[in-house]
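This report introduces a molecular structure to a reader who is new to it. Please consult the sequence and the structure shown here.

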Amino acid sequence: MTARRLAVLLLLAFYAACLVFAPAGALPAHAALLPPSLAHPLGTDELGRDMLLALLQAGRSSLLVAGVTTAVALVLGLGAGVGAAIGPPLLDEVLMRLAEIVASLPVLLLAVLVAALFGGSAWNLALLLGLTRWPLLARILRAETQALLAREYLRAAWALGATPGHVALRHLVPNLAAPLLAGAGIVFGGAVLAEAALAFVGLGDPDAGSWGRMVAQGFAVMGLGWWVWLWPAAMLVLVSGLVAVAAAPPEQPASTPR
Amino acid sequence: MPSRRLACLLAATLLAAPAAAQPRGGTAVIAVAGDPGHLNPAISTAGPLHAVAGSLFNGLVALDEAGTPQPDLAEGWIVAPDGLAVTFRLRPGVRWHDGRPFTAEDVQVGFDRLLLRHHARARAGLAPAIAAIETEGPLAVTFRLRRPHPALLRQLDVSEAPILPAHLFAGTDPVTNPANLRPVGTGPFRFDSHRRDDQVVLLRNADYFRPGLPRLDRLVFRIIPDANTQVNALLAGEVDMLARVAPPDAARLRGRGVTLTETRSAAGGSNCVMTLGFNLDRAVPGNAGLREALARGLDRQRMLDQVAFGQGRVAEAPIASGIAWAHQPGALATWSPDVADANRRLDAAELPRGGDGLRASLDIVHFPAFARWSEILRQQLAPLGIALRARMMDPAALAQTVFARRDFDLTLVSYCNGTDPEIGVRRMVHSAAIGNVPFSNAAGYRNAEVDAMFDRAASLQEDAARGAAYRAAQAILARDLPYLWLVETDFTAAWRDSFADFAPWTGQVAERAWRSR
């Protein structure tokens with residue numbers, strides 16, 4: 001089994017656990033700041049919440065934010081990237097300049113604005129991240145599409161009278177799957193970290209769990225229990241690492257002719 | 001003369017103890033959370049500014065640890081029998097840091113041109129009560145009042161009403177006055193230098209009017225915004241004193257060469273009570289049954305232990321226990337925690353559980369700094385079938401949302417009662433205080449009886465008679481529950497064991513401090 005498959009399996013297993021085992025609503029109170037034990041394998045925090053359940057709850061909202069972000073960015077990035085590559089030069093110009101403008105927006109400041117205007121809910125945050133992360137995907141897909149369009153079999157398809165829709169669906173999308181997956185992995189991992197960073201500075205959804213907020217709260221009681229900040233911090237490292245491994249382009253056999 | 005009652009308080013305690021026993025000299029480094037900007041405490045109530053400026057200036061009175069007025073720039077004072085005039089006798093021989101003598105004109109100009117116009121708390125709390133300020137010779141000044149204002153003396157210390165030099169401010173625009181950046185005061189320390197976002201240095205005022213004080217040669221206020229960094233700097237010896245330490249940090253500092261002092265007051269606030277306010281204009285929080293159920297359903301002892309880390313007390317009454325003469329012990333005793341009773345009250349209040357077990361979903365508006373309080377409320381309200389949606393916002397946005405637009409169900413506010421209910425309690429319960437003034441009557445509570453009792457207490461002079469009126473009002477408040485008074489939160493200051501006698505309850509924190517080695 002390759003490292004990539006292992007990473008995918010671990011991620012799937014972890015997120016499945018989050019969806020199945022994380023309770024909805026406020027976690028019940030036990031004794032505060034209990035170190036890890038049999039009853040509470042990861043200990044309890046300063047309000048007596050079980051750290052394991054809190055981690056799973058936060059994992060679920062992290063998955064929600066990163067998943068929605070990635071979906072939004074994929075749709076926009078695919079449309080803009082492929083559209084720019086096969087559309088008229090003017091459309092290419094407009095879409096790519098738009099992508100540059102969006103990519104230069106300060107997400108942190110926008111998140112403050114969105115939280116002030118519409119409330120800092122997880123959905124708003126996911127939409128904001130999705131609407132600002134698609135340029136990365138659009139650029140990758142535009143370059144890949146342009147390279148594909150120069151291939152001879154596609155020139156042959158055009159010559160045989162294929163419609164743009166046929167070319168896009170039958171030839172481009174299947175060949176774009178690998179860069180698409182890699183790009184989606186980058187967006188997903190970035191969204192996990194972005195959500196945590198925003199929650200760490202207090203801009204996340206206060207009603208949803210968040211590893212970033214758990215780290216921030218753990219810092220406030222750092223001297224009283226290492227387990228309060230260590231687990232959520234470790235989760236962030238682990239998940240973004242696994243996502244990076246899972247989304248890496250498949251290794252090619254050394255003999256593949258170039 | 002039994003028909004004429006004179007209240008006369010004279011200089012007593014502060015000058016009494018000779019200062020010879022403690023060593024002199026040395027530097028103390030004090031951390032402040034932000035750059036003060038300028039150093040004119042009469043035109044701003046910003047925390048970092050007052051943390052520094054409190055050592056440069058004096059008030060007419062000083063407040064001791066219990067909040068009792070003591071002589072400072074005023075040697076003594078006489079309250080007229082009708083309560084409508086207070087005459088202060090000023091301390092002779094006091095000199096400003098530039099050598100000019102301090103006189104009654106400084107007091108008059110300071111109030112008329114600076115404090116009553118530009119200092120937010122003086123403008124809100126003093127200006128409506130003061131009709132005129134008149135000098136009577138160079139060393140006496142009389143405050144003429146529109147109505148008796150028994151809290152006056154407690155609003156005249158260096159944080160609430162610092163006195164600035166008239167010879168530098170008369171006839172100028174105080175906001176652009178260069179003396180804001182090179183302040184001249186009467187205080188125990190004089191200004192030396194200010195490097196923006198780095199530090200402010202003050203030096204010993206050798207001509208200070210209290211002989212032998214201050215004992216330290218130098219005060220350095222180092223600007224360290226992050227609380228964790230402040231604590232680490234204290235442990236590493238880079239900083240000697242933190243005027244305010246968060247509860248979990250205090251727990252971490254215990255037993256590590258640091259003296260921890262808990263007080264009910266700090267510069268700019270005293271007798272603070274973490275309070276849950278209900279928007280009585282809305283149906284669900286306006287439902288008395290819901291408020292009673294919350295009073296029974298919340299475990300406030302647990303909030304004290306887990307959120308305040310034991311620093312403070314469970315609130316026993318609507319007026320904080322630090323104002324002992326007005327506090328009604330046990331006023332909230334009927335509301336002991338009982339989740340089953342809380343659920344019964346919610347059923348009776350026609351707030352049945354829906355299919356998902358929820359009775360109501362309420363929003364709660366608060367500062368981001370109170371996140372842990374709203375987390376524990378969320379945790380404790382879940383078994384009652386009440387879900388919370390937190391809306392965290394900064395002070396300006398919260399003032400708009402809660403007090404101007406009244407767009408909230410619940411709000412968490414730390415209401416500092418001050419040293420007199422007139423200062424910090426009237427504003428949260430009197431019907432005249434409903435409206436667009438930040439941190440006034442958030443609940444929108446109207447009760448003619450309570451209004452009348454507060455008005456009566458304000459018109460009396462003696463603490464005993466006033467206290468009786470306040471206690472009667474508290475019985476009504478504890479029944480009506482426009483607020484839920486959760487926990488009286490204390491302030492904690494920390495300094496290295498090599499120092500002693502800091503006074504964290506006042507703005508003048510280092511007047512008596514000394515260094516042993």
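Between chain A and chain B the count is four salt bridges, each being a side-chain nitrogen of Lys or Arg within 4 Å of a carboxyl oxygen of Asp or Glu. In one of them Arg49(A) pairs with Glu375(B), and the closest N and O atoms are 2.4 Å apart. The model is predicted: local features need pLDDT of at least 70, side-chain atom pairs count only at pLDDT 80 or more, and totals for chains, interfaces and linings use all residues. Residues are numbered from 1 along each chain as its sequence is written, chains are lettered from A and ligands numbered from 1 in the order in which they are written, and side-chain values use heavy atoms, leaving out hydrogens and water.

The table summarises the interface.

| Item | Value |
|---|---|
| Residues of chain A in contact (heavy atoms within 4.5 Å) with chain B | 22 residues |
| Residues of chain B in contact with chain A | 19 residues |
| Area buried between chain A and chain B (accessible area, 1.4 Å probe, lost on being put together, summed over both) | about 1,600 Å² |

Carbon and sulfur atoms give 54% of that buried area. On the side of chain A, Leu47(A), Pro206(A) and Asp207(A) lose the most area to chain B, together 32% of what that side buries.

By class, the side of chain A that touches chain B has 14 nonpolar, four polar and four charged residues; Ala, Val, Leu, Ile, Met, Phe, Trp, Tyr, Cys and Pro count as nonpolar, Asp, Glu, Lys and Arg as charged, and the others, Gly among them, as polar.

Notes:
Buried area = accessible area lost by both parts, 1.4 Å probe.
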